[in-house]
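User: Hi! Could you walk me through this structure? I'd like to start with the ligand site and then look at some packing.

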Amino acid sequence: MTEDTSSQGRPRASAREVFGERAAYYVTSTAHTDAQVLGRLVDLSGLSPDMSVLDIGTGTGHTALALAPHAGTVIGLDPTPEMLAEAEALRRERGYDNVSWMLGDVADLPWAANSFHVVACRRAAHHFLDIERALGEMCRVLRRGGRLMIDDRTVPNDPDLDVLLNQLDWLHDHSHVRDYSADEWRALCERAGLHVERVEGYTRHRHLSSLTEGVSTEDVAEIRRLLAALSPEQEGQLGLERRADGLWFDHYYLILSARRIS
Ligand SMILES: C[S@@+](CC[C@H](N)C(=O)[O-])C[C@H]1O[C@@H](n2cnc3c(N)ncnc32)[C@H](O)[C@@H]1O
């Protein structure tokens, strides 16, 4: 795997390499098929059948396909061809003919300004190398008054947990850049010319395997070492449990909706 050693002291792999190797996993992953979260995004989208949607970092298409029955057209964009191949298989299986896929990067979107009523981006923003540029591009292609919906991993306002959760996510996936706190998201959106309507935090209690599946033995050992070194207070903050089948703990997420105001 080629690694970029310039990123925040941690070698970073390209998202395309990481997701190219793991594409099949994302089709059925519990985290990515979470019907409650997908349903919440549908509810917040305010979509109607005449509206257009762009889903950034569409991966295997779960978000695009959840929004499709409520929209006129949906385009899912992703830089990883293997993910889009899985998305196309799912699209055919579900029979949506208003959904198409585009190979591309959020940093350079191939559409004119004011093109979409809704831009969605679920569980992908923590991979973006330049989040301000990504938000600028998402905002540019959004129509004035249009809605941006973000769903992503996040961190609480606790510097130690922030570092720890970002380390765990990088060990899980070397293309990881940063999980942003709710406050960081608000500030980023406001700077991009968006009015934040809503930020909803939520957690999911998951088995350790959700972090370690497909990960090298060396990185799994480091994940275990970091978790074993938690203070009792941090264990409480993460809801860490030692069950017969292994460790379980909380993963932090947020959903944000914002409107383009300028
Ligand atoms: C966890 S998957 C996305 C899941 C998907 N959005 C869903 O709702 O199931 C993350 C995706 O982000 C994509 N990605 C990473 N960097 C990107 C970038 N710079 N621009 C657009 N997509 C990117 C990856 O290729 C990968 O498919």
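Analyst: Happy to. First a term: a residue is near a molecule or strand if its C-beta atom, placed from the backbone, lies within 6 Å of it. This is a predicted model, in which local features need pLDDT of at least 70, side-chain atom pairs count only at pLDDT 80 or more, and totals for chains, interfaces and linings use all residues. Residues are numbered from 1 along each chain as its sequence is written.

User: Great, so which residues come nearest the ligand?

Analyst: Ala15, Gly57, Gly59, His62 and Ala124 do, out of 23 residues around the ligand.

User: And how do the shell residues divide by type?

Analyst: There are 10 nonpolar, 9 polar and 4 charged residues in the shell around the ligand. Here Ala, Val, Leu, Ile, Met, Phe, Trp, Tyr, Cys and Pro count as nonpolar, Asp, Glu, Lys and Arg as charged, and the others, Gly among them, as polar.

User: Which helix gives the most to that shell?

Analyst: Helix 1 does, with 3 residues. Helix 1 (15-28) and helix 3 (62-67) each supply at least two. Helices (H or I, at least four residues) and strands (E, at least two) are DSSP runs, numbered from the N terminus.

User: Let's stay with helix 1. At what angle does it cross helix 4?

Analyst: Roughly 25°, and the axes of helix 1 and helix 4 (residues 81-94) come within 7 Å. That makes the two helices roughly parallel. Axes are lines fitted to C-alpha atoms, for helices over the stretch in contact, and angles run from 0 to 180 degrees between N-to-C directions. Angles under 35 degrees count as roughly parallel, over 145 as roughly antiparallel, 65 to 115 as roughly perpendicular and the rest as oblique.

User: Is the crossing left-handed or right-handed?

Analyst: Helix 1 passes helix 4 in a right-handed crossing. A crossing is left-handed if the near helix is turned anticlockwise from the far one by less than a right angle, and right-handed if clockwise.

User: Nice. Which residues meet there?

Analyst: From helix 1 come Phe19, Gly20, Ala23, Ala24, Tyr26 and Val27, and from helix 4 Glu82, Met83, Glu86 and Leu90. Contact needs C-beta atoms, placed from the backbone, within 7 Å. This set divides into 7 nonpolar, 1 polar and 2 charged residues.

User: What about helix 6 and helix 9: how far apart are their axes?

Analyst: The axes of helix 6 (residues 159-172) and helix 9 (residues 217-228) are 9 Å apart, with an angle of about 160°. That makes helix 6 roughly antiparallel to helix 9. Their crossing is left-handed. Leu164, Gln167, Leu168 and Leu171 of helix 6 make the contact with Asp219, Glu222, Ile223 and Leu226 of helix 9.

User: Switching topic, why does Ala125 count as buried?

Analyst: Because Ala125 has 26 C-beta neighbours inside 10 Å. A residue is buried if 20 or more other C-beta atoms lie within 10 Å of its own, exposed if 12 or fewer, and partly exposed in between, with C-beta atoms placed from the backbone. Ala125 sits in the loop between strand 6 (116-122) and helix 5 (131-141). Not counting residues up to four places away in sequence, Ala125 touches Ile131, Ala134, Ile150 and Asp152.

User: And which residues of helix 5 are buried?

Analyst: Ala134, Leu135, Glu137, Met138 and Cys139 are buried in helix 5. The elements they pack against include strand 3 (52-56) and helix 7 (182-191).

Conventions: Two residues are in contact if their C-beta atoms, placed from the backbone, lie within 7 Å.
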